[in-house]
Amino acid sequence: MKPEASSQPAAETLTDLRSFFQRTFASPPTRVVQAPGRLELLGNHTDYNLGLVMSLAVDKYIFMASAPRHDGRIELASSAFAEREKFACDRIEKNAAAPWANYVKGVLLQLRRHGVNFSGFNAAIHGTIPLGAGLSSSAALETATALTLRQLYPFTLTESGAATPPRRNSRGELPSLDRKEKMALAKACLAAESEFVGVNCGLLDQISALFGKAGHVIQIDCLQLSVAHEPLAAGLSVIVCDSGVKHELVAGEYNERRRHCESAARSLGVKALRFVTPSELEAGKTHLSEVDYRCAYHIVGENQRVIFGERALREGDIDQFGQYLFQSHESSRDFFKNSCPELDLLVELARAHPGCLGARLTGGGFGGATINLVREAEAKSFTQTMARQYQERTGRRLEPLVCRVVDGAR
Ligand code: GLA
């Protein structure tokens, strides 16, 4: 299947996906769902510290076409991998030869644990989210799986398990998910990732994929588990620059930072760093190891920047908002130490461009990508300058990605 240009309408991709399904399974799909990638805008590593985050759902997707089967078997095909993955509903296990299928399997196991019944299906997956670029194709695949299962075997997920299934309307459509149910699905997808895949991350990615709103910033409070939306100022382009650096120990480094945050919270006598103000952190500094303090300093500062950023965004003070992005990156670089020379260079180059309002690493870090807020009129000059300068300085190719802010999974 050909890769999607960012301007290509989703409709064309869907036609390709349907024919991929037809070619693979010799019958047409009965359901198609799509889940977007996400970008962390502000609030780095705050999610698992029960803090505040701003994110965007963007127009790069995982699409999943499916049809039910009744022999208790599941078959998955992905346009990115040659081999199909086949297994029985009652034997959902990891296969080292198909690690990409773990995200699907993890979600199936979680949903079953919540009382959701299913008897098998075929699914064809196609993604337009660049892999490893920090857009969380994994959360998109997880949420696409959950929505596929809901389409094929309708269920309502509540905090206490599956409840009476929703009814389809006369056109065979299910009602859209309400907030509570989206949150319950996000949690199930997160549990799949931490328990089955083994990365101990927070809820940012799954919430973003489900709660996206076109043209809006998603504001997440990970303590209250609440979500609000604020329009992103008009005339801005959101541009992703993938450093091309893939850190081999990402999961290890990520989980290690998380342990330092938790250890800092324990030493300060609180449940999570969300409950610590900047002055409390300074007062408790002597109780913390140097590395615990640095990590806590970053998290406490990030929560503050999100609070200040919300004010700036609401009042249309986008120049100031951009400054918080730069500050966030400096804090990652100097305190949390989840940046790398290539990400630092990308931010330095972006900052020197007159059209750039703000730039920072986005997501876990240790490689991956930066997010850049750029005046729309200067977006072309920005992408060209960045690509040229990054190649000159590092010898690496850079293809900046201009993203549209879109609705969540459906
Ligand atoms: C990764 C994780 C998220 C979040 C970010 C950092 O993307 O999956 O849960 O912790 O890193 O903010």
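Select Arg-18: apart from residues up to four places away in sequence, this residue touches Pro-29 and Val-32. The model on screen is a predicted one. Arg-18 sits in helix H1, residues 10–25, and counts as partly exposed because its relative accessibility is 41%. Now add Ala-124 to the selection. Arg-18 and Ala-124 are 106 residues apart in sequence, while their C-alpha atoms are 8.4 Å apart in space.

**The whole chain**

Zoom out to show everything. The protein has 11 helices and 13 strands. Its radius of gyration is 21 Å, close to the 22 Å that the globule rule gives for 410 residues, so the protein is as compact as a globular protein of that length. Along the principal axes, the C-alpha atoms fill a box of roughly 60 × 50 × 40 Å.

Switch to a surface view. The accessible surface comes to about 17,300 Å², and carbon and sulfur atoms account for 49% of that area. Of the 410 residues, 57% are buried. If you colour by charge, there are 48 positive and 46 negative charges, and the mean positions of the two sets are 5 Å apart. Contacts can be looked at in terms of sequence distance as well: among those between residues at least 6 apart, 71% join residues at least 24 apart.

**Helix H2 and the glycine after it**

Select residues 102–113, which form helix H2. The helix has 12 residues and reaches 16 Å from its first C-alpha to its last, close to the 16 Å expected at 1.5 Å a residue. Its buried residues are Asn-102, Val-104, Lys-105, Gly-106, Val-107, Leu-108, Gln-110 and Leu-111. Move on to Gly-115, which follows H2 and has a positive phi, near 95°.

**Two loop residues with positive phi**

Go to Ser-136, in the loop between strand S5 (121–127) and helix H3 (137–152). Its phi is near 60°, a positive value in a residue other than glycine. Ser-136 is buried, with a relative accessible area of 11%.

Next, select Leu-225, in the loop between S8 and strand S9 (226–231). Phi of Leu-225 is also positive, near 55°, and this residue too is not a glycine. Is Leu-225 buried or partly exposed? Its relative accessible area is 26%, so Leu-225 is partly exposed.

**Lys-213**

Step back along the chain to Lys-213, in the loop between helix H5 (204–211) and strand S8 (216–221). Lys-213 counts as partly exposed because its relative accessibility is 36%. Which residues does Lys-213 contact, leaving aside its neighbours within four places in sequence? They are His-229, Val-405, Val-406, Asp-407 and Gly-408. For a distance check, pick Arg-274: it is 61 residues from Lys-213 along the chain, and the two C-alpha atoms are separated by 26 Å.

**Helices H9 and H10**

Select residues 318–336, helix H9. At 1.5 Å a residue its 19 residues should span 27 Å; the end C-alpha atoms are 26 Å apart, which agrees. Buried residues in H9 include Ile-318, Phe-321, Tyr-324, Leu-325, Phe-326, His-329 and Phe-336. Gly-322, Ser-328, Ser-331 and Ser-332 are buried there as well. An α-helix has 3.6 residues a turn, so residues three or four places apart point the same way. Just past the end of H9, Lys-337 takes a positive phi of about 55°.

Continue to H10, residues 341–352. This helix has 12 residues, and its first and last C-alpha atoms lie 17 Å apart, close to the 16 Å expected at 1.5 Å a residue. Buried in H10 are Glu-342, Leu-343, Leu-345, Leu-346, Val-347, Leu-349 and Ala-350. To see what covers these buried residues, display H9, strand S10 (236–242), strand S11 (356–362), strand S12 (369–375) and helix H11 (379–394), which are among the covering elements.

**Asn-372**

End at Asn-372, in strand S12. Asn-372 counts as buried because its relative accessibility is 0%. Leaving aside neighbours within four places in sequence, its contacts include Ser-237, Val-238, Ile-239, Val-240 and Cys-241. Ala-350, Gly-358, Ala-359 and Phe-382 are in contact with Asn-372 too. Ala-350 has already appeared on this tour, as one of the buried residues of H10. Last, label the pair Asn-372 and Ile-239: they are 133 residues apart in sequence, and their C-alpha atoms are 5.0 Å apart in space.

Conventions: Residues are numbered from 1 along each chain as its sequence is written. This is a predicted model: local features need pLDDT of at least 70, side-chain atom pairs count only at pLDDT 80 or more; totals for chains, interfaces and linings use all residues. Side-chain values use heavy atoms; hydrogens and water are left out. Helices (H or I, at least four residues) and strands (E, at least two) are DSSP runs, numbered from the N terminus. The expected span of a helix is 1.5 Å times one less than its number of residues. Buried means under 20% relative accessible area, exposed over 50%, partly exposed in between (1.4 Å probe, protein chains only). The radius of gyration is taken over C-alpha atoms; the globule rule is 2.2 Å times the number of residues to the power 0.38. Contact means heavy atoms within 4.5 Å. Accessible areas come from the Shrake-Rupley method with a 1.4 Å probe; for residues, only the protein chains shown count as cover. Lys and Arg count as positive and Asp and Glu as negative; His and the chain ends are not counted. The place of a charge is taken as NZ of Lys, CZ of Arg, CG of Asp or CD of Glu.
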